[in-house]
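Here is a set of exercises to work through with the model open beside you. Try each task yourself before reading its solution.

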Amino acid sequence: NPYHPFNSQIKWEVARWAKLCGATSTAFSDLLLIDGVSERLGLSFKNTNELNKIIDYKLPTGRPKFKREQVVVAGESFDVYHRDILECIKSLYSDPDFARYLTFAPECHYTDEDQTVHLFHDMYTGKWWWNTQKKLDQHCLGGTIIPIIISTDKMQITMFRNKSAYPVYLTIGNIPKEIRHKPSHGGHILLTYLPTTRLEQITNKASRRRSLANLYHACLSRVLAPLQHAGLEGINMRSGDSALCCCHPLFASFVGDYPEQLLATGIKFGDCPKCDVEKDDAESNTVPLHLQKIGEVLDALAALNQGNLAFVRACAAVGIKPVIHPFWEKLPFANIFQGVTPDVLHQLYQGLVKHLLAWLEAACGATEIDAHCRWLPPNHHIRLFTKGITTLSHVSGIEHAQICRFLLGININIRLPNNLNAGRLLRAVRGLLNFVYLAQYPCHSTKTLQLLDEALDLFHENKLIFVDLGIRNNFNLPKLHAARHYPLMIMLFGSTDNYNTEYTEQLHIDLAKDAYRTTNHKDKFAQMTCWLKRKEKILRHQKYVTWRLAGGHESDPYHSRPPDMTFGREQVMTKHPSVKSVSLEKLTTDYRATHFRDALAHYIAQQTRGNDPAPLHGHALDALAHDIHFPFHRLPVFHKVKWCSVDARGHGDARVTLDSVHAKPQRKFGSRLIARRSDTALVRLHTNSKDLRDFHVGQVRVMFTFPPKSIPLLFPPMVHLPTHLAYVEWFTPFPPAADRNSRLYKLSRSLRRGETVASIVPVADIKRSVHLIPRFGVMAPQEWTSDTVLEDCDTFWLNSYIDRYTFSMFR
C-alpha cells in the first residue's frame, strides 16, 4: 500500500487536502461532522485531532524537530525556537531527491580549450570554494566542503496589529542553484525563529539598539555553534544514494537586505558592510576597494577581555560596533565581510531603480512619462500601466522589474529643462539598466564581468546630468556603492541567482505567514513550528507516494553543464484552430490583412517551383501569381503562437510559457469591446543564421493553415509545405548601427509605392516577439492609444530590454 498509514488513495488525498489547501482545523472538523461524510469517504479519522495523531506518530519526517531554548541577554531571557543545524544539513544532504544533483568538489569551467575565458555560474565554480578547499586540505586532507548559506529577514506577518516574525533559512551550496531557488523543491529549510522583541523597556535608544544587536548575535551563535567543531574536524554523512563522505559544513555566505547586512557585520548605518571605503568616497567609481580585514576585526573583538572601554575603542578603530561575540566570530574559515552577498532585489530593483525613477520624474515631468506609458503597444513581456507609473505607491520589486523593460524607450526625445543635453540622461539610464540586466545573467564569464564594470562606468560618466538638473548634489548611496562589489562576488560565489533575497520572499509566505494564520495568536511560535512539522511530513509523504506510483525507478544519471541565455524553448501551436473558418474578406477587414490575397498568391507561386534554387522576383513573380486561383474561400485561423520552456538541464522544471505572439481581431467580451491585437515579432529570413541582418521585424496579422483538400490542387507532390503560415507586414531592415545614446535600433514601416510590404512566412520562422516603442517626439499626439499606436505612429525604437535574451542579442 503506497499510501500507508492511510488505507486508500481517497483517505490520503483527503488528508493531504486538509493540510495543504488552506482549510482551517475547525472547518475541516465541521466538515467531517456532517452526517454521512466520514462514513461515505471511509475515513479512519473523525476530526482534525485524530488526523494530527496519524501524522505525528505514523508518518516519517525527513526534517529535524524544533526545540525551544532560552537565551539570556542583559539579564532578560528570550525564547528561541530552532532546529539542530547539523541535522538540518544532513536532511538536505541526504535527501534522495537531491542525490543525483549534488556537487562535492570545486570545478573550473572555461569557454575555450586554452582556458583563457573563465565561467562562473553555480557556487562550485566560484573561487571561494577553491580557496577554502585549499585551506581545509592543509588542516584535513580530502574533506568535502558543505557551503552553508544563511538567509535572514525580519518581516510582518499581519496587515494590522504589527505582528512580526524573524525567520532564518538555511541551504547548502552543493545543491544546484536552479533547485535551491524554487521553494517547491524544498532546497531551503527553516532553521530558527529569532525573538522579535523591541525591548521597549530600555528607554535609551542607543542602548536598545546595542541590546537588540547582542540578542540577535547571541541567538544565532547558539544555533550555529555546532559548526565550530564540525567545520574543522568533519562529520560523516551519507548522501541520498548512500555514498559516505567526511563532510565539513562551513559558513560561506550571508543573504539579506542592507539592514540585515549591517546587523550581521556590526557596521554602522551608511557605511559599506564589505569594505573600508569612506562615506564621502562611496560615490566614486575609481577609489580602490579593500575588504574589511577579518583578522584585525577578530583582534578587536578579543579586546572584550580587557574591559568595556578598551573593547569599545578597539571596535571603533576597525570601524564596527561593539557587538559582543558575533555569531561568526568562532566559525572556522568564516569571513563575514566577504560572505555578505549582492542583493538584486533590494539593492538594484528596490534601490537603484527606485532612485532612478524618482530622478527621471523630476527631470522629465510626471505627465509626459505617464502619457508615454499609456501609449505603449501590448507585448507578452510588457505590463501596460494604463494610469502611468509616477502615481504608483508601495511599488514591489516585480513592478520595478516590469518598468525597467520599457524605461529607456519612453524617455527618448523628452525635452529637458534649460535645453540640457538629453544624450547624457539616456546614457546614464542605459548604463544603470545594462548593469541591472548583466548582473542577473545565469552564467558569467570574465568577458561579461568586464561588461558589468563598463555599464557601471557609463552611469558614473554621465551621472552629473542629475546634478546639473538640480535633482542630486551627491551620489553617496550605499546601494550604488554596493554595485562595485558585484564582479568580485560573482567570481567568489557564482552568479547572483545563487543568493538573491527574492527567492526567500516566497518562503516567508509558506513558512511564516501561512503558519501564523493557523494559530490562535497565543504562544504563536510553538503552534507555528508544530504546523510546519506536519506540513513537511505531508509533503515528504506526497513525494514518496508519487515515487511509488511511478514504479520506484531510479533516475537517469545527471550531468551538470553551465546554463545559457537561450532558455531552452520550443514553439507550440494549439492542436485545433482558434476559428475553424474565416472568409478571405474578413481576413482583410477584421484582421487588417490588407494585401492577404496578393501575398498568398505570391507565396503559392514561389512554392510551386519546388526546389528551384533561383527564386522569382519582380514582374516574373507577379505574372505567375496573377494566374493563381484559390480553391477555397475560407481558411482555418490561429490566434496565438507561444514558446514554452524545456527542462534542458534535467532538474524536473515545470513547463511554463516564456513568450507568445497574438493575432486577434476585435471582439466582444460581454458588454465590453476588446480591441484588435496584432503583435510584432522577429522573423528569421535565412535558415539557422544568427546574423542580425538575416532577421526582420514584422507585424503578424494572421496565422493560418491550408485546408487539406486544397493542398494537392495548389502544390506539386514534391513540395514540403509548412503546417502553419503567417501573414506578416514588414518593417525596414535593421540599420547599420543603433542610436548613439540609447543603443536602440530605429525602425519604420516598409513601404513599396506607398503601400505596406507584406508576405507569407512559415510560423516556424517566427523566433520570438519583439516590442516596438513609438518615437514620441517632443510632444506625442494625444489621440494615440495603446491599441492603435502601431498604426498611428510612423517610426519606432526596437525595445531590447523586454527579456534577457533580447537584451543579450541586441546589446
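## Exercise 1: A threonine in a helix

T448 sits in helix 18, which covers residues 446–462. The structure is a predicted model, so please read every value below as computed from it.

Task: Decide whether T448 is buried or exposed, and find which side chain T448 joins in a polar contact.

Solution. Step one is the accessibility: T448 has a relative accessible area of 13%. The cut-off for buried is under 20%, so T448 counts as buried. Step two is the partner: the side chains of T448 and H444 are joined by a polar contact of 2.9 Å.

## Exercise 2: Another threonine, in a loop

Task: Locate T785, classify its exposure, and find the side chain that makes a polar contact with T785.

Solution. Begin with the location: T785 belongs to the loop between strand 29 and helix 28 (789–792). Next, the relative accessible area of T785 is 33%. Buried needs under 20% and exposed over 50%, so T785 is partly exposed. Then look at side chains: T785 and T788 share a polar contact of 2.8 Å. Finally, look along the chain: T785 and R374 are 411 residues apart, yet their C-alpha atoms are separated by 7.2 Å.

## Exercise 3: The surroundings of H771

Task: Describe where H771 lies, how accessible H771 is, and what its side chain reaches.

Solution. First, place the residue: H771 is part of strand 29 (residues 771–774). Second, check the accessibility: with a relative accessible area of 1%, H771 is buried. Third, follow the side chain, which reaches the backbone oxygen of P377 at 2.9 Å. Fourth, gather the contacts beyond four places in sequence: these include L376, P377, P378, N379 and I382, as well as T680, W797 and L798.

## Exercise 4: A short strand

Task: Work out whether A165 is buried or exposed, and which residues A165 is in contact with beyond four places in sequence.

Solution. A165 is found in strand 7 (residues 164–165). Its relative accessibility is 0%, so A165 counts as buried. Leaving aside neighbours within four places, A165 is in contact with D153, K154, M155, I157, T196 and F525. For a distance to check in your viewer, the C-alpha atoms of A165 and P195 lie 7.8 Å apart, with these positions 30 residues apart along the chain.

## Exercise 5: Two helix pairs

Two packed helices are described by the angle between their axes and the distance between the axes.

Task: Describe how helix 8 packs on helix 10, then how helix 14 packs on helix 15.

Solution. Take helix 8 (residues 205–224) and helix 10 (residues 258–265): the angle is about 80 degrees and the axes are 9 Å apart. That angle makes helix 8 roughly perpendicular to helix 10. At the contact, A213, Y216 and H217 from helix 8 meet E260, L263 and A264 from helix 10. By class, this contact of helix 8 with helix 10 holds four nonpolar, one polar and one charged residues.

Now take helix 14 (residues 344–364) and helix 15 (residues 366–374), whose angle is about 110 degrees and whose axes are 7 Å apart. Helix 14 and helix 15 are therefore roughly perpendicular to each other. Helix 14 contributes L360, E361 and C364, while helix 15 contributes A366, E368 and I369. The contact of helix 14 with helix 15 divides into four nonpolar, no polar and two charged residues.

## Exercise 6: Backbone exceptions

Most residues other than glycine have a negative phi, and most peptide bonds are trans.

Task: Look at the backbone at H325, at H521 and at the bond from H4 to P5.

Solution. H325 is not a glycine but has a positive phi of about 50 degrees. H325 lies in the loop between helix 12 (308–318) and helix 13 (336–339), and at 40% relative accessibility H325 is partly exposed. H521, also not a glycine, has a positive phi of about 70 degrees. H521 is in the loop between helix 22 (502–517) and helix 23 (524–549), and its relative accessible area of 40% makes H521 partly exposed. Last comes the peptide bond from H4 to P5, which is cis with omega near 15 degrees; P5 is in the segment before helix 1 (9–20).

Conventions. Residues are numbered from 1 along each chain as its sequence is written. Side-chain values use heavy atoms; hydrogens and water are left out. Helices (H or I, at least four residues) and strands (E, at least two) are DSSP runs, numbered from the N terminus. Buried means under 20% relative accessible area, exposed over 50%, partly exposed in between (1.4 Å probe, protein chains only). A polar contact is a pair of N or O atoms within 3.5 Å; within protein, one must be able to donate a hydrogen and the other to accept it, and residues adjacent in sequence count only if both atoms are side-chain atoms. Contact means heavy atoms within 4.5 Å. Axes are lines fitted to C-alpha atoms, for helices over the stretch in contact, and angles run from 0 to 180 degrees between N-to-C directions. Angles under 35 degrees count as roughly parallel, over 145 as roughly antiparallel, 65 to 115 as roughly perpendicular and the rest as oblique. Ala, Val, Leu, Ile, Met, Phe, Trp, Tyr, Cys and Pro count as nonpolar, Asp, Glu, Lys and Arg as charged, and the others, Gly among them, as polar.
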